[in-house]
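Biologist: I'd like a close look at one part of this model, the strands and what ties them together. Please go slowly and say what your terms mean.

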Amino acid sequence: MESASLTSLGNPFPCTSQSPRYRCPSEPKKIRLACRRMASPLKATCEISRRKAVSGMVVLGAAASCIDPLAHLMPAQAAMPEPDVIRYRKLDSGVILEDVVEGEGPEAREGDLVQFNYVCRRANGYFVHSTVDQFSGESKPVTLPLGGEEMIQGLKDVLIGMKAGGKRRALIPPEVGYISETLKPIPEEFGPRRSLLSHAKEPLVFEVQLLKVL
């Protein structure tokens with residue numbers, strides 16, 4: 001059965017065929033024996049490679065054949081009710097946000113004083129800054145008003161409508177991000193501050209947890 005399968009592949013490894021150069025018909029018997037010894041390891045190696053190739057093709061074929069059977073499960077999944085809350089949405093400012101945890105209590109509105117923790121990353125996931133220490137878990141929450149020009153506009157848009165204990169993840173474009181070095185939140189330490197401002201001209205991902213609406 002294996003040889004039939006290999007024949008149908010058109011022999012993708014030519015070194016497995018019987019090569020006349022290893023028969024050495026015009027050479028003495030000792031030389032022919034030496035040639036056969038040289039050919040045997042090469043043939044065995046190529047035979048293993050050929051079996052691996054066939055085995056890989058069989059696995060790929062089996063994986064492809066699983067696509068159709070899985071399609072029979074789709075009607076059952078389609079019957080599930082759609083969620084009432086849209087997790088991702090794009091705001092007029094260009095901010096794309098996701099509601100992770102809804103929270104409880106009244107919603108934060110423009111002009112409110114809010115306290116929150118955040119983690120800031122680049123769009124590729126590279127860590128930039130956080131108010132929560134990654135090792136000790138100690139947090140230094142930020143308290144800022146949702147009015148005026150003190151906070152970056154993109155983060156203000158994220159916080160408005162949140163409830164205490166709620167969490168949101170948002171992609172903030174640079175146009176509503178750190179367009180000025182005086183905007184907050186920003187680290188007090190020189191190193192993290194410099195790191196954050198060095199990425200001010202690219203989209204940033206903020207994970208925000210609202211602690212209190214003061």
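Modeller: Let's start with Tyr88, which lies in strand 1 (residues 88-90). Strands are DSSP E runs of at least two residues and helices H or I runs of at least four, both numbered from the N terminus. Tyr88 counts as exposed because its relative accessibility is 55%; exposed means over 50% relative accessible area, buried under 20%, and partly exposed in between (1.4 Å probe, protein chains only).

Quick caveats: this is a predicted model, so local features need pLDDT of at least 70 and side-chain atom pairs pLDDT 80 or more, while totals for chains, interfaces and linings use all residues. Residues are numbered from 1 along each chain as its sequence is written, and side-chain values use heavy atoms, without hydrogens or water.

Zooming out for a moment, there are 6 helices and 7 strands in the protein, and along the sequence they come in the order α-α-α-α-β-β-β-β-β-α-β-α-β. Of the 214 residues, 28% are buried. Taking contacts (heavy atoms within 4.5 Å) with a separation of 6 or more, 72% are between residues 24 or more positions apart.

Back in strand 1, Arg89 has a salt bridge to Asp99, at 3.6 Å from N to O. That connects strand 1 with strand 2, across 10 residues of sequence. By salt bridge I mean a side-chain nitrogen of Lys or Arg within 4 Å of a carboxyl oxygen of Asp or Glu, and that rule gives 8 of them. Arg89 is partly exposed because its relative accessibility is 33%.

Another of these links sits on strand 7. Glu207 pairs with Arg121, their closest N and O atoms being 2.7 Å apart, and this joins strand 7 to strand 3 over 86 residues. Glu207 also bridges to Arg169, here with 3.8 Å between the closest N and O. Since Glu207 is in strand 7 and Arg169 in strand 6, that pair ties together parts 38 residues apart in sequence. Add Glu98, and you have a salt-bridge network of Glu98, Arg121, Arg169 and Glu207. Glu207 at 29%, Arg121 at 25% and Arg169 at 32% relative accessible area each count as partly exposed.

Now for how strand 3 (residues 113-122) sits against strand 5: they run antiparallel and are joined by 4 bridges, where pairing takes at least two DSSP bridges. Gln115 of strand 3 has Thr143 of strand 5 as its bridge partner. Gln115 is buried because its relative accessible area is just 18%. Ignoring neighbours within four places, Gln115 contacts residues including Val142, Thr143, Leu210 and Leu211.

Strand 5 (residues 142-145) has two faces: Val142 and Leu144 on the covered one, Thr143 and Pro145 on the uncovered one. In a regular strand, side chains alternate between the two faces of the sheet.

Then there's the largest nonpolar core, with 29 residues; a core is a set of buried Ala, Val, Leu, Ile, Met, Phe, Trp, Tyr and Cys joined through side-chain atoms within 4.5 Å. Phe116, Leu155, Leu159, Phe206 and Val208 have the most contacts inside it. Strands 3, 5, 6 (167-172) and 7 (204-213) and helix 5 (153-159) each give this core at least two residues. Leu159, leaving out residues up to four places away, touches Val114, Phe116 and Val208, among others.
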